[in-house]
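Let's take a walk through this structure together. Have the sequence and the 3D view ready, and turn the view as you read.

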Amino acid sequence: MIRVLLVHDVRILRCALAALVGAEPDMEAEAASWKDAVRPVRGRAADVCVVDADMAGRTSLDELARFADHPGTAGHPPRPHRLLALVSQDCPGALRRALDAGASGFVCKDALPEQLVRGIRRVADGERFVDNALAQTLLRASEVPLSQRELTVLSAAAEGAPVPEIARRLGLSTGTVRNYMSAITRKTGARNRVDAIRISQGAGWL
């Protein structure tokens, strides 16, 4: 039996996905929000975690991925889980975040339900799975122009933090943060910081 955890912040969608997957004779499914996702993973070994990568920030994906080889609990021996990401074709940044978090499978959100089930089985068997519809998105995901540090700076800016606050958070000088912002604006082809945030969010980099 393949144990599947469906992670999505919209309750009706995660419950619908759980019902779809749970109807398969070889699968057992449960659903959780991002906030509650780590607890089921730690307390009950899921073979595959299906996550909405478009809705998840890098921190959320990394936190979930940390338990890919969790130590298990009483009555539950260690069983690694694998990540399968649901991704939109126009969000290469989200696919990149899932890749960096160690996802083994990628299914397009416009795919038929059968494609999700197929992906779960392949990932559960230890294989990698990439939906054909995401081939171009996968290529674009490797072309994210911003470094990890630049994404961190821009993410803080997107939260409304001023330059001095970003500098304090990251242990940088205000001049260094301004240099990062200038580089970000140039690399994204943006007019200013607000435009850089808009472009980056639209591409799914943030």
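What follows starts with the whole chain, then visits a few residues, and ends with pairs of packed helices.

One thing to keep in mind from the start: this is a predicted model. The chain is built from 10 helices and six strands. Of its 206 residues, 45% count as buried. The surface that the chain exposes comes to about 10300 Å², and carbon and sulfur atoms supply 51% of that area. How do the contacts run along the sequence? If you take contacts between residues at least 6 apart in sequence, 65% of them join residues at least 24 apart.

Now find Asp52, a good place to begin. Asp52 sits in strand E3, which covers residues 48-52. UniProt, in an unreviewed entry, puts the feature "modified residue: 4-aspartylphosphate" at this Asp52. Is Asp52 buried or exposed in the model? Its relative accessible area is 2%, so Asp52 is buried. And what does Asp52 touch, once you set aside its neighbours within four places in sequence? The answer is Val7, His8, Trp34, Leu86 and Lys109.

One of those partners, Trp34, is worth a stop. Trp34 belongs to helix H2. With 11% relative accessibility, Trp34 falls under the 20% limit and therefore counts as buried. Trp34 and Val51 are 17 residues apart along the chain, yet their C-alpha atoms are separated by 8.7 Å.

Step back to Ser33, which lies in the loop that runs between strand E2 (27-32) and helix H2 (34-43). Ser33 is in a loop, and with a relative accessible area of 12% Ser33 is buried. Leaving out residues up to four places away in sequence, Ser33 touches Val7, His8, Asp9 and Arg14. You have met two of these names before: Val7 and His8 are also among the contacts of Asp52.

Next, look at Ala18 in helix H1, which spans residues 11-22. Ala18 has a relative accessible area of 13%, so it is buried too. Which residues does Ala18 touch, not counting residues up to four places away in sequence? They are Leu6, Ala29, Glu30 and Ala31. Ala18 and Val4 are 14 residues apart along the chain, and 8.2 Å separates their C-alpha atoms.

Further along comes helix H4, residues 92-100. The buried residues of H4 are Pro92, Gly93, Ala94, Leu95, Arg97 and Ala98. After H4 you will find Gly102, which has a positive phi, near 90°.

Helix H7 (residues 148-158) can be read in a similar way. Its buried residues are Glu150, Leu151, Val153, Leu154, Ala156 and Ala157. H7 is followed by Gly160, and here phi is positive as well, near 95°.

How do you describe two packed helices? You give the angle between their axes and the distance between the axes. For H7 and helix H10 (residues 193-202), the angle is about 110° and the axes are 10 Å apart. That makes the two helices, H7 and H10, roughly perpendicular. On the H7 side, Leu154, Ala157 and Ala158 take part, and they meet Arg193, Ala196, Ile197, Ser200 and Gln201 of H10. Sorted by class, this contact has five nonpolar, two polar and one charged residues.

The other pair to look at is helix H8 (residues 163-170) with helix H9 (residues 174-188). Their axes lie 8 Å apart, and the packing angle is about 105°. H8 and H9 are therefore roughly perpendicular to each other. H8 brings Val163, Pro164, Ile166 and Ala167 to the contact, while H9 brings Thr174, Val177 and Arg178. By class, that is five nonpolar, one polar and one charged residues.

Let's finish with Arg178, a residue of H9. Its relative accessibility is 47%, so Arg178 counts as partly exposed. Arg178 and Ile166 are 12 residues apart in sequence, and from C-alpha to C-alpha they are 9.9 Å apart in space.

How values were computed:
Residues numbered from 1 in each chain as written. Predicted model: local features only at pLDDT ≥ 70, side-chain atom pairs only at ≥ 80, totals over all residues. Heavy atoms only, no water. Axes fitted to C-alpha atoms, helices over the stretch in contact; angles between N-to-C directions. Helix = DSSP H or I, 4+ residues; strand = E, 2+ residues; numbered from the N terminus. Parallel < 35°, antiparallel > 145°, perpendicular 65-115°, else oblique. Contact = heavy atoms within 4.5 Å. Nonpolar A, V, L, I, M, F, W, Y, C, P; charged D, E, K, R; others polar. Buried < 20%, exposed > 50% of the residue type's maximum accessible area, 1.4 Å probe, protein only. Areas by Shrake-Rupley, 256 points an atom, 1.4 Å probe, with all protein chains shown as cover. UniProt positions renumbered as here; feature names shortened; annotations may be inferred.
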